[in-house]
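Grab your viewer and work through a few exercises on this protein. Try each one by yourself before reading the solution.

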Amino acid sequence: MGGWEEKMDKARKLHRPSLEDWERDNMHFRFPPFREEIRKLPRSTSFNPNAEPGSDQQQLPVVLDAATLTREAFYNYEEDSIPLIIKNIPAGHDGGEFVGAWPALEKWKLRSLLNDEALIDRKFKCGEDDDGHNIKIRLSHFLSYAEFNKDDSPLYIFDSNFDGDNQADCLLRDYRVPSYFRDDLFGLVSESRRPPYRWFLVGPERSGTCVHIDPLGTSAWNTLIEGQKRWVLFPPHLPKKLVKGEKLVRDDEDDEAVHYFMTILPRIKREARSLRSTPKYENFACYEFTQNAGETVYIPHGWWHAVLNLTDTVAVTQNFCSPRRFEEVWLQARKGRKRMAWKWLCRLETEYPELYRRARAMNDADGFVMKYEAQETEKEREERKRKEEKLRRKEQAQWDSDHEGPSRKRDLPFEDQ
């Protein structure tokens, strides 16, 4: 073993040291038939065990085209918390206008990345060890791994720090944040203060992300440049244990994304069908769909989702806080990111006074006291007193100068005046 194999073997051992055999479930051979069955299905399917046979069920996500979708129309979907698939954003359409195609449309194709001298030797994050430290691998090694690996659930480049060096900041110039998602209130705080929010993704087939909701009440968008992704969505009202199928996973089973889609999700649906009249599943629903290259998925805050790469994929994704969904984010940020929330509130006071007043009103309504408020207020008070004293001295000096001048002149000999 040498080269990329040795590097990736080390990365695997760091990421999951307790997993001795990454090919134990034979997913490399079991996955292609599963993918072909998926491709025979309609583009999107909804599952509601309590729906009347033959009834029209809500089809989600709603499929729209950026060539005709205005920002105002998008905001209506956003207000109603409706997941979307928006076509043609990387092709250059945005807000109902053509604004120019993304360079990423060509530069991020796998064949192009293989020949990208600026990126091929750059290391990207593909996991974390048990202590939370990033595991990084050269892109050249990872692309070889993506092509030849037989792992059940391969490692996945999910890198959020591609804007901090000369090699990778070119990625930021290869795409634009779509105008639908550009009003990001977290942009009011510094890059170092805000949570991670944008990721460059390179995912081998069978890799993916397990079911989750996005942090701090944020919404998310994901634009796929190459490949196919399979998604499942669950409405926000469903509990975590239910959508994860926690009681349906055997102790000897893995619960990675590929296992979730191939084994656990079908079990959840079977149980929901058999127990549909019970309180546990009376409001159950899930929505499965395939995302194709060139499409952008919008996930409103609070929606549970999991993603599986049906093929090798390249994508970009960002989380954001929209002014129209501010309340949900504020309630979580003030608890989960206490120092950032205080800095954020201070910026809101000057940049978005109405949202500042709403945040204050929510704090007053439930008696929430911000951890850093008293401390910061004392610092601000000291700074204000210092500035006031400095200004007072300056004014006093100016007054003294204005009043000493004539008297000194009167004391001078006539010829010096």
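The exercises below go from the overall fold to the core, the salt bridges and the empty spaces, and the model is a predicted one.

**Exercise 1. Get an overview of the chain: how many helices and strands does the protein chain have, and what percentage of its residues count as buried?**

Step 1: Start with the secondary structure. You should find 12 helices and 16 strands.

Step 2: Turn to accessibility. The chain has 417 residues, and 46% of them count as buried.

Step 3: Check the contacts between residues at least 6 apart in sequence. Of these, 78% join residues at least 24 apart.

**Exercise 2. Find the largest nonpolar core and the members that touch the most others.**

Step 1: Keep the background in mind: in soluble globular proteins, nonpolar side chains tend to be buried together.

Step 2: The largest core here has 55 residues, and the ones touching the most other members are Phe74, Ile86, Trp108, Phe142 and Phe200.

Step 3: Ask which helix gives the most to this core. That's α6 (residues 139-148), with 4 residues.

Step 4: Look apart from it for another core. This one has 27 residues, including Ile38, Phe47, Leu242 and Tyr260.

**Exercise 3. Take three of the salt bridges and decide, for each partner listed, whether the residue is buried or partly exposed.**

Step 1: The structure holds 31 salt bridges. The general idea is simple: side chains of opposite charge can pair when their charged atoms come close.

Step 2: Take Arg324 and Glu78, whose closest N and O atoms are 2.5 Å apart. The two sit 246 residues apart, with Arg324 in the loop between β16 (313-320) and α9 (326-336) and Glu78 in helix α3 (residues 71-79). Glu78 counts as buried because its relative accessible area is 1%, under the 20% cut-off.

Step 3: Next come Arg198 and Glu191, at 3.9 Å from N to O. Arg198 is buried at 14%, whereas Glu191, at 48%, is partly exposed.

Step 4: Then do Arg325 and Glu328, at 2.9 Å from N to O. Arg325 is buried at 11%, and Glu328 is partly exposed at 23%.

Step 5: Finish with a network: Asp9, Arg12, Lys13 and Asp151 are joined by salt bridges that share partners.

**Exercise 4. Describe the largest pocket and the second largest pocket: what volume does each have, and which residues lie closest to each centre?**

Step 1: The largest pocket comes out at about 480 Å³. Its lining has 17 residues, with His15, Tyr156, Phe158, Gly208 and Thr209 nearest the centre.

Step 2: Sort that lining by class and you get 8 nonpolar, 5 polar and 4 charged residues. Strand β6 gives the largest share, 4 residues.

Step 3: The second largest pocket holds about 420 Å³. Of its 23 lining residues, Phe158, Trp199, His212, Asp214 and Asn319 are closest to the centre.

Step 4: Its lining splits into 13 nonpolar, 7 polar and 3 charged residues. Here β11 supplies the largest share, 3 residues.

**Exercise 5. Count the cavities of 30 Å³ or more, then classify the lining of the largest cavity.**

Step 1: You should find 1 such cavity, with about 60 Å³ of space in it.

Step 2: List the lining: Arg16, Leu19, Asp21, Trp22, Arg24, Asp25, Asp152, Ser153, Asp254 and His259.

Step 3: By class, that gives 2 nonpolar, 2 polar and 6 charged residues.

Conventions. Residues numbered from 1 in each chain as written. Predicted model: local features only at pLDDT ≥ 70, side-chain atom pairs only at ≥ 80, totals over all residues. Heavy atoms only, no water. 1 Å grid on protein atoms, 1.4 Å probe; cavity = no way out; pocket = protein on both sides within 12 Å on 5 of 7 lines; lining within 4 Å. Points joined across faces, edges and corners; volume = space filled by probe spheres on them. Nonpolar A, V, L, I, M, F, W, Y, C, P; charged D, E, K, R; others polar. Core = buried A, V, L, I, M, F, W, Y, C linked by side-chain atoms within 4.5 Å. Buried < 20%, exposed > 50% of the residue type's maximum accessible area, 1.4 Å probe, protein only. Salt bridge = Lys/Arg side-chain N within 4 Å of Asp/Glu carboxyl O. Contact = heavy atoms within 4.5 Å.
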